[in-house]
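Q: Could you take one strand of this model and walk me through it slowly, explaining each term as it comes up?

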Amino acid sequence: MIKRLILLLAFGLATAASWTGEPPKQAPPAPAIQAAKPKIKLALWGDSRENLDQACEHIASVLLNDITDWDVQVHSGDFTHHGSEEDWQRTLHYKGIDQLFVKGRFLMTTSNHDCDEKGSPGCRAVYDRHTKDILPVNSLDHTTHFYAWDKGNVHIVFCDGFFTTPATMQAWLDAYLKTVPKGDWLIGVWHDPAYGITYKEDYLDTCRPWLDAVFNHGGKFILNGHAHVYLRTKPLRPDGTVDAKAGMVHIINGTGGASWKEPVAPDEKIAFTPSVTSFPCITFLTFDGDTATLQTVDARPASKLKVIDEIKWTK
């Protein structure tokens, strides 16, 4: 049966969520679980290009000094303002970022500001130079524009709609997904949110084939940025309908300091979003066997790392 866990959220809200699955089998001894399925913790943040109110630096401080048990960061894109060398140097010189932007601990998706060929001609070469020794590469065109990250029973696919043709992107994604064991945790990452539930337009013309592919392989999470807010959806099918049994939870975190936005308007797809103007926060997503736990914390110094959103899912 479904395990349902109701957790008290900030701003006086409460929520419950789980996916429906077969009754859980008796768990093997703890040492066997740890050997086969190590606990894995992701730190999601992004849209850090402006460092407004020192948001980017506050996030870096939390990750370097306060909450340090994460395995890898997932940056949701817009690392720089327009992708020029000057822009890259500016972001890399925000306090603490040079300690976070390191191989093995930093993952990032392509995005409109980092890949702005109109605003910054030649930004592709600059992007490639800076990410070459930091991000993984894919097996098809051997770039960092799209790729996968695998650890234990967690698999993350980073999809690119800026530098890569749709045919190339889909061919690699379909081939990669065949290698992911059914039942493992599968997460899709790209910059633009799929649905128009924030102040941004929907991205379905580009990402619908990725959604279908990840969903059909049992994916459970989609991580995005672009909108400068924090938002978590209900489990959704690729067409945007709510499906508590099989849907994918979309998590948008673009609060790295590009700008601050008014609260997102209510929508039936949304499970939680703060009811105040956006502010810097970090989403921690922890996978432990068949359980996934989300905690999003306020990264402002005066907040004392207040948890604003917390929920657990069990397969």
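A: What follows is a close look at one strand and its neighbours. The model is predicted, so local features need pLDDT of at least 70 and side-chain atom pairs count only at pLDDT 80 or more, while totals for chains, interfaces and linings use all residues. Residues are numbered from 1 along each chain as its sequence is written, and side-chain values use heavy atoms, with hydrogens and water left out.

The part chosen is strand E9, residues 221-224, where strands (E, at least two residues) and helices (H or I, at least four) are DSSP runs numbered from the N terminus. Both of its faces are covered, since Phe221 and Leu223 on one side are buried, as are Ile222 and Asn224 on the other; buried here means under 20% relative accessible area with a 1.4 Å probe, protein chains only.

E9 belongs to an open sheet of seven strands with mixed pairing, in the order E6-E7-E8-E9-E11-E10-E12, and two strands pair if DSSP finds at least two bridges between them. The edges of this sheet are E6 (147-151) and E12 (270-272), each of which pairs on one side only.

On one flank, E8 (residues 185-189) runs parallel to E9 and is joined to it by three bridges, with Ile187 standing opposite Phe221. Between these two strands the chain passes through helix H7 (residues 204-216), and this β-α-β crossover is right-handed, which means that, with the strands pointing away from the viewer, the path from the first strand over the helix to the second runs clockwise.

E9 also pairs in the parallel sense with E11 (residues 249-253), over four bridges, and there Asn224 has Ile252 as its bridge partner.

Technical notes:
Buried < 20%, exposed > 50% of the residue type's maximum accessible area, 1.4 Å probe, protein only.
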